[in-house]
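Here are some short exercises to work through with the model open beside you. Try each task yourself before you read the solution.

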Amino acid sequence: ARVDKGGYKHFMAKEIAEQPQVISEAVGHYFGSSGHEIRLPSDQLDFTGLDRVVLVACGTAYYACLTAKYWIERLAGLPVEVDVASEFRYREPPIGENTLALFVSQSGETADTLAALRYCRDKARRIVAVVNVPESSIARESDVALPILAGTEIGVASTKAFSCQLTVLLTVAMEAARQRGRLSEERQADIVAALRGLPARINLALDFEEVTERVAHELAEARDVLFLGRGQMYPLALEGALKMKEISYIHAEAYASGELKHGPIALIDPNVPVVVMAPRDALFDKTVSNMQEVMARGGKVLLISDRKGIETAGDGIWRSVEMPEVDTLLAPILYAIPAQQLAYHTAVAKGTDVDQPRNLAKSVTVE
Ligand code: G6P
């Protein structure tokens, strides 16, 4: 079926707005309409006896993998290695029979990711794909293909596919933890309840669009923007920076907040807005002190946090975007919304071609 913009100015805007719906479809698919049983083919997806998981992808899908590393290591206690597909293969990494190799791709046709999959073919215990297109090459060539159910994505800059990839990867992390005896029934039920509540929270976040739109007009004046995050929010900072440069052509860079003092802090001045992604998780206080280092040097901080987080961070913040509270495990999915909106509205303010940014293709089928 032909997909149209459904009244939106751009496909990207429509796809951002679709996230509550597509995530609730993914959650329904992997957890049913009630209860907290994980519906994955556990016989084909055995995490016991593994000694590591290797995650490989490109672009936005790579940042979904980086987030999943935090989840799989934290929840399942299983070492995870993540690489971009174009680097992975040429390193000729040793892949043993106790390795599960997982490839994430919206299109399922990215040449580098497919080549990395083929490299692992007769080496890894299992080849798993997380894809949006079930009849794609990457899906066909894997042992197990898990759909992300995001529906057709037209905007070159990925939005709903990213949040659906995260949702499926969190499900995989939970299953790995369950099989390895590290997820209590109670915690599992809690996470599933939080996932079921996520679409409503995303709707709340979408309601803050006015705020992100206003601040995006100010970001559009910048030549460089920094994104900071710690722990599982670090990959989201990377994704926020990628979105920003892809469609607004503003130079955007992301750093792990704690790494700021080892170099990037030299860039701080009033002309470089610093976007800080900071839900109130275990690292929040540390992020706040990193943020204060920025403000002490005249840096302009845009803080994305919940109300208490924004209050705690205190005076001196340039702008803030308030997120609903959420189980911190799910924060990377929820906080993807303001990251996408900031990039989108900055690009619209600059008048760039949002859905078809220069030099980029939706699916890169050549090496
Ligand atoms: C291209 C797109 C990106 C995408 C990447 C990986 O570079 O412009 O938005 O993240 O490919 O695509 P895939 O289909 O493998 O997820």
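Helices (H or I, at least four residues) and strands (E, at least two) are DSSP runs, numbered from the N terminus. This is a predicted model, in which local features need pLDDT of at least 70 and side-chain atom pairs count only at pLDDT 80 or more, while totals for chains, interfaces and linings use all residues. Residues are numbered from 1 along each chain as its sequence is written.

**Exercise 1. The end of helix H3**

Find which residue just after H3 takes a positive phi, then check the span and burial of H3.

Step 1. Just after H3, look at Gly77, where phi is positive at about 65°.

Step 2. The expected span of a helix is 1.5 Å times one less than its number of residues. For the 18 residues of H3 that gives 26 Å, and the end C-alpha atoms lie 25 Å apart, which agrees.

Step 3. A residue is buried if 20 or more other C-beta atoms lie within 10 Å of its own, exposed if 12 or fewer, and partly exposed in between, with C-beta atoms placed from the backbone. In H3, 14 of the 18 residues are buried, so the helix is largely enclosed by the rest of the structure.

**Exercise 2. Around the ligand**

Work out how many residues surround the ligand and which helix gives the largest share of the shell.

Step 1. A residue counts as near a molecule or strand if its C-beta atom, placed from the backbone, lies within 6 Å of it. There are 16 residues surrounding the ligand, and the closest are Gly59, Ser105, Gln106, Ser107 and Thr110.

Step 2. Helix H3 (residues 59-76) supplies three residues, the largest share of the shell.

Step 3. Now sort the shell by character: Ala, Val, Leu, Ile, Met, Phe, Trp, Tyr, Cys and Pro count as nonpolar, Asp, Glu, Lys and Arg as charged, and the others, Gly among them, as polar. The shell then has nine polar residues, six nonpolar and one charged.

**Exercise 3. Strand S3 and its partners**

Decide which strands pair with S3, and whether its residues are buried or exposed.

Step 1. Two strands pair if DSSP finds at least two bridges between them. S1 (residues 52-57) runs parallel to S3 and is joined to it by five bridges. Within this pairing, Arg52 stands opposite Thr99, and Val54 has Ala101 as its bridge partner.

Step 2. S4 (residues 126-131) is also parallel to S3, with six bridges. Here Phe103 has Ala129 as its bridge partner.

Step 3. In a regular strand the side chains alternate between the two faces of the sheet. Thr99, Ala101, Phe103 and Ser105 point one way from S3, while Leu100, Leu102 and Val104 point the other way. Seven of the seven residues of S3 (residues 99-105) are buried.

Step 4. Follow S1 onward: five bridges join S1 to S2 (residues 80-84), again in parallel, and Val56 has Asp83 as its bridge partner in S2. Five of the six residues of S1 are buried.

**Exercise 4. A kinked helix**

Locate the kink in H8 and list what its buried residues pack against.

Step 1. The bend at a residue is the angle between axes fitted to the seven residues ending there and the seven starting there. In H8 a kink of about 40° lies at Leu198, shortly before Pro199.

Step 2. Check the span: the 22 residues of H8 (residues 185-206) should cover 32 Å at 1.5 Å a residue, and the end C-alpha atoms are 32 Å apart, which agrees.

Step 3. The buried residues of H8 are Ile191, Val192, Leu195, Leu198, Arg201, Ile202 and Ala205.

Step 4. Two residues are in contact if their C-beta atoms, placed from the backbone, lie within 7 Å. The buried residues of H8 pack against H2 (19-31), H7 (160-179), S10 (319-323), H13 (331-334) and H14 (336-350).

**Exercise 5. Two charged residues**

Establish whether Arg180 and Glu246 are buried or partly exposed, and what each touches.

Step 1. Arg180 sits in the loop between H7 and H8. Arg180 counts as partly exposed because it has 16 C-beta neighbours inside 10 Å.

Step 2. Leaving out residues up to four places away in sequence, Arg180 touches Phe47, Thr48, Ala76, Gly77 and Leu78. The C-alpha atoms of Arg180 and Phe47 are separated by 7.0 Å, although the two are 133 residues apart along the chain.

Step 3. Glu246 belongs to H10 (residues 234-248). Glu246 counts as buried because it has 23 C-beta neighbours inside 10 Å. With residues up to four places away in sequence left out, Glu246 touches Ala157, Pro357 and Leu360.
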